[in-house]
Amino acid sequence: MLSEQQILRIPGPSPIPPSVQRAMSQPMIGHRGQETKELLQRIKPKLKPIFGTEQEVLILTGSGTAGLETAVANTVKPGDEVLVIITGAFGDRFAKICNEYQLKTHRLDIPWGEAVLPETVQEYMEKHPNLKAVFVTFCETSTGVVNPVQELAKRVHTYSDALFIVDGVSCVGGVETKIDEWGIDLLVTGSQKAMMLPAGLTFVAASDRAWTVIEGNEQPRFYLDLKKYRDNAAKDSTPFTPAVSLLFGLEQALQLIEEEGLTQVYARHQLMMDMTRAAFRALDIPLLTSDKAASPTVTAIEPTDFQAEDLRNLVKKEFGLTMAGGQQHMKGKIFRIGHMGYCSPADILQTISIIEIGLRKIGKTIELGAGTQAAQEVYIEQLIQGVL
Ligand SMILES: *Cc1c(COP(=O)(O)O)cnc(C)c1O
């Protein structure tokens with residue numbers, strides 16, 4: 001095996017395009033100088049279509065969780081009643097942050113592998129009229145589920161005055177997102193998933209409604225105070241030293257997304273999901289989620305007659321292919337394939353055919369090539385239909 005040839009198929013961090021890698025190696029510049037100001041000026045308008053907003057998309061230095069904490073610290077205060085919709089490990093993280101901030105946190109726990117139903121949320125809202133905010137995970141990375149955020153936003157706004165706050169970390173940039181049109185009040189994402197960058201940046205955009213709440217919120221906060229970021233963004237600046245190298249990379253990543261076209265980017269992710277799911281169906285290995293709930297950025301597989309960890313270890317050792325395992329109670333029960341950001345149908349074909357060898361080697365009886373062929377058929381079929 002070539003030690004430098006790593007095939008990274010986890011749901012973040014994801015691979016970095018070579019031109020983004022090169023952009024990040026540029027010499028450092030002064031963060032208060034004209035160059036940084038112009039860099040931010042060029043970046044700002046390019047972020048908006050990815051988030052589907054006319055609002056400013058604010059950039060903080062920190063991993064995705066810093067963005068989640070920012071959402072909580074700015075919109076609510078101790079004692080406020082909130083609802084957290086939990087479809088997996090990242091919904092659970094949102095609830096833990098809310099608990100830490102001494103909110104009156106209601107958990108709506110959904111079985112892992114399923115998406116929340118809008119009716120379920122509506123019923124909850126009707127019973128709890130004092131909710132100040134509803135938190136949900138767009139793509140639940142731990143299970144490969146996409147929650148119906150557009151429909152959820154509608155229900156939340158129809159039945160309450162609560163802010164609707166979304167963790168979009170593992171899908172924004174790979175899945176269509178329309179903050180303004182759908183009525184999302186605050187959306188957070190990170191850099192190391194579908195945005196094709198290393199970890200280190202978190203992005204936050206808020207609605208006018210959310211800004212009114214944020215401005216009136218006396219909850220103490222300093223580094224995570226969104227008002228500081230907004231006031232500085234208006235001057236093409238940041239309140240604290242930005243991760244300049246990541247901003248160099250961000251400009252290039254946004255350039256690549258613009259060149260490919262957002263519609264094509266979304267179609268590519270959809271296609272990779274379809275190819276991956278078809279492959280495991282052909283191999284007769286169960287998928288964790290239904291087609292309807294499946295995420296275009298990550299697929300979870302739930303084997304019944306072999307050990308997920310045996311397969312993960314074998315493909316890592318022999319081919320340098322890294323897949324993710326399960327989190328919390330799903331540990332050892334599932335494995336997950338990330339197909340987001342700098343990832344293409346070619347990568348999926350490679351991944352599936354390696355997995356087939358791995359399956360044989362750990363002793364599972366399969367027909368070599370059956371999964372790969374199914375993925376090839378999906379690719380050719382979609383090409384005929386003019387998807388790509
Ligand atoms: C990766 C991820 C996060 C953030 O995790 P960090 O490790 O802090 O970057 C949050 N939510 C979801 C859904 C994620 O996939």
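**View 1. Open four-stranded sheet of the predicted model.** In this predicted model, 4 strands form an open sheet in the order 1-12-13-11, and their pairing is mixed. Strand 1 (7–9) and strand 11 (298–301) occupy the edges; each has a single partner strand, so one side of each is left without a neighbour in the sheet. Between neighbouring strands of this sheet the turn averages 30 degrees, direction ignored.

**View 2. Pairing of strand 12 with strand 13.** Strand 12 (residues 321–325) and strand 13 (residues 335–338) run antiparallel and are joined by 2 bridges. Ala324 has Arg336 of strand 13 as its bridge partner.

**View 3. Helix 12 against the sheet.** Helix 12, which spans residues 308–319, lies across strand 1, strand 12 and strand 13. Relative to strand 12, helix 12 runs at about 160 degrees.

**View 4. Crossing of helix 12 and helix 13.** Helix 13 comprises residues 345–361, and its axis comes within 9 Å of the axis of helix 12. The two axes cross at roughly 115 degrees, and the crossing of helix 12 with helix 13 is right-handed.

**View 5. Residues at the contact of helix 12 with helix 13.** From helix 12, the contact involves Leu311, Leu314, Val315, Glu318 and Phe319. These residues meet Ile354, Ile355, Ile357, Gly358, Leu359 and Lys361 of helix 13. By class, the residues of this contact comprise 8 nonpolar, 1 polar and 2 charged.

Notes: Residues numbered from 1 in each chain as written. Predicted model: local features only at pLDDT ≥ 70, side-chain atom pairs only at ≥ 80, totals over all residues. Heavy atoms only, no water. Axes fitted to C-alpha atoms, helices over the stretch in contact; angles between N-to-C directions. Left-handed = near helix turned anticlockwise from the far one by under 90°. Contact = heavy atoms within 4.5 Å. Nonpolar A, V, L, I, M, F, W, Y, C, P; charged D, E, K, R; others polar. Pairing = 2+ DSSP bridges.
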